[in-house]
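Please open the structure in a viewer and keep the sequence at hand. The tour below proceeds by selection, one stop after another.

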Amino acid sequence: MPATMAKAARAGAVPLRHDGSLPEEIVVWEILVRLDPKSLLRCRAVRRTWHHATSTRAFPLAHHAHQPALPIASDEEYILTVDRLAAAQLHTIAHLDKAFNPEASCDGLLVLSRYNNMTDTIDFSVCNLATRQFAPLQQLHELGLRLLGMYSHQPTGEYRLLLERDSYNETTEDQLGYYVFALGSHQSPRYIGWQESTSQCFSLPVLVCDSLHWYPVYYVSESSYVRLQSESKAIIVFDTIAESFRPMRAPIVSTNSYAFEMDGTLGIYSRNYAKTTIDIWVLQNYKSEVWNFKYRIKLPVAEIRGKFETFDDLWNVEVVSADGDVLLLVSSGRCLSYIDNDGKLIDSFDHGRKYFFLSKYRLKQSLVQHTFFQALESSVVNTSPFI
């Protein structure tokens, strides 16, 4: 029982049954709904009433709403998530028979890619790791389209992929620009046009206010970085309802800057070239596009190096939103660390994995079953990677 609920029960705010146990409604909608998918599935096998209550159409949606969006990591066999408060807690989400890389994430769905040695191509698949649903995406490989993002189209309830063709495949009849493909559809991706203002390097998309957001990424040398660090670049916004692009004002930040989601709003974090200082901006008002400078965090690099011999000069820094605040998740070699907004090292450990990749994507797990998997599987031979 959560501590707050136990306190409420002792105070008489939560009425107990005659045997001293909590009412079923409280157990289901206050406790079970907050469990991670693996723990919930175990609890469903304990009592028939729990199994019945969690089998309704409404429960998986409520359960998904209570799940945290956790950073995704992977090694040669596993897809993992990192706990929001304890770097030492790596949760194994799936054991795969091939190495996959996450390419898009939305509502518990992941688009994964892997290199195919036999065909010398990149294969794409969509899956829900919690429900073990999996289907290949032949369209991306056959049409030579680049994946930019995935979203739920609210007017239709469809899950759609935003795609780009930036070069001709085999014929000049193919239109350059952006396409939309509904998962499970038997139609070809639909062309939605081309806008010159968006022809930049897309980074990880962030879904906020029914729109995908990208902060343009440029890979530059140190000398170019100094020249470009004071330039202001507009955020690229894709309205997932109207399915159209527009620019958004951004603060003046360094070239090495990335968008992230923080409690339902948009944030940008930037780093200096040496990756030792992180600046964080938060969008204060979405409609007026007013930004607020919130933190400047200096990483305790010397302290981390003193604790771990495996910490090297090649490290990744991710911003994780946690309970209305932010933490920095730092990965280098076999070392994984959490740093608070004061630059204090609050947790770190050596995960001991030879190959470890910390993705910029987040996974908010879901037990919602999607019918489009059946349509995708019927068009190709299903080769599920799950063990």
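Is Phe 245 buried or exposed? Select Phe 245 in this predicted model: the residue has a relative accessible area of 10%, and since the limit for a buried residue is under 20%, Phe 245 counts as buried.

**First stop: the rings around Phe 245**

Keep Phe 245 selected and add Tyr 178. A pair of aromatic rings is described by the distance of the centres and the angle of the planes. For Tyr 178 and Phe 245 the centres are 4.7 Å apart and the planes stand at 45 degrees, so this pair is tilted. Follow the chain between the two partners: Tyr 178 belongs to strand 10 (residues 177-182) and Phe 245 to strand 15 (residues 244-248), so that the pair links parts of the chain 67 residues apart. Tyr 178 is also buried, at 1% relative accessibility.

Next, add Trp 214. With Phe 245 it forms another tilted aromatic pair, with 6.4 Å from centre to centre and 35 degrees between the planes. Here too, distant parts of the chain are linked, as Trp 214 is in strand 13 (residues 211-214) and Phe 245 in strand 15, 31 residues apart. The relative accessible area of Trp 214 is 0%, and the residue is therefore buried.

To see the full group, extend the selection to Tyr 151, Trp 194 and Phe 238, which form one aromatic cluster together with Tyr 178, Trp 214 and Phe 245. Across the whole structure, a search finds twelve aromatic pairs.

**Second stop: the largest pocket**

Clear the selection and turn to the largest pocket, which holds about 1,100 Å³ of space. Which residues are closest to its centre? Select Ala 69, Leu 207, Glu 261, Arg 362 and Lys 364: of the 42 residues that line this pocket, these lie closest to the centre.

Then colour the strands that contribute to the lining. Strand 4 (101-106), strand 8 (146-153), strand 12 (206-208), strand 16 (257-262), strand 20 (316-322) and strand 24 (357-363) each provide at least two lining residues. Strand 20 gives the largest share, with five residues. If the lining is coloured by class, 22 residues appear as nonpolar, ten as polar and ten as charged.

**Third stop: a lysine over a ring**

Select Lys 360 and Tyr 258. Lys 360 lies over the face of Tyr 258, at 4.0 Å from the ring centre.

**Fourth stop: two loops and a neighbouring strand**

Which loop contains Asp 263? Select the stretch between strand 16 and strand 17 (265-271), where Asp 263 is found. Asp 263 is not a glycine, yet its phi is positive, near 55 degrees.

Move along to Thr 265, which lies in strand 17. Thr 265 has a relative accessible area of 19% and is buried, the limit being under 20%. Leaving aside residues up to four places away in sequence, Thr 265 touches Val 208, Phe 260, Val 282 and Leu 283.

For the other loop, select Asp 120, between strand 5 (109-116) and strand 6 (121-128). Asp 120 likewise has a positive phi near 55 degrees in a residue other than glycine. Asp 120 is exposed, with a relative accessible area of 54%.

**Fifth stop: helix 5**

Select helix 5 (residues 58-65), in which Phe 59, Pro 60, Ala 62, His 63 and His 64 are buried. What covers these buried residues? Among the elements to display are helix 2 (24-31), helix 3 (37-44) and helix 4 (48-53).

**Sixth stop: the cavity**

The structure holds one cavity of 30 Å³ or more, and the volume of the largest cavity is about 40 Å³. To find it, select its lining: Ser 74, Asp 75, Glu 76, Glu 77, Tyr 78, Ile 79, Leu 96, Lys 98, Ala 99 and Phe 100. By class, this lining comprises five nonpolar residues, one polar residue and four charged residues.

**Last stop: the whole chain**

Finally, display the entire protein, with its nine helices and 24 strands. Of its 387 residues, 51% are buried. Among contacts with a separation of 6 or more, 50% join residues 24 or more positions apart.

Note on methods:
Residues numbered from 1 in each chain as written. Predicted model: local features only at pLDDT ≥ 70, side-chain atom pairs only at ≥ 80, totals over all residues. Heavy atoms only, no water. 1 Å grid on protein atoms, 1.4 Å probe; cavity = no way out; pocket = protein on both sides within 12 Å on 5 of 7 lines; lining within 4 Å. Points joined across faces, edges and corners; volume = space filled by probe spheres on them. Helix = DSSP H or I, 4+ residues; strand = E, 2+ residues; numbered from the N terminus. Nonpolar A, V, L, I, M, F, W, Y, C, P; charged D, E, K, R; others polar. Phe/Tyr/Trp six-rings, centres within 6.5 Å; stacked < 30°, edge-to-face > 60°. Buried < 20%, exposed > 50% of the residue type's maximum accessible area, 1.4 Å probe, protein only. Lys NZ or Arg CZ within 6 Å of the ring centre and 35° of its normal. Contact = heavy atoms within 4.5 Å.
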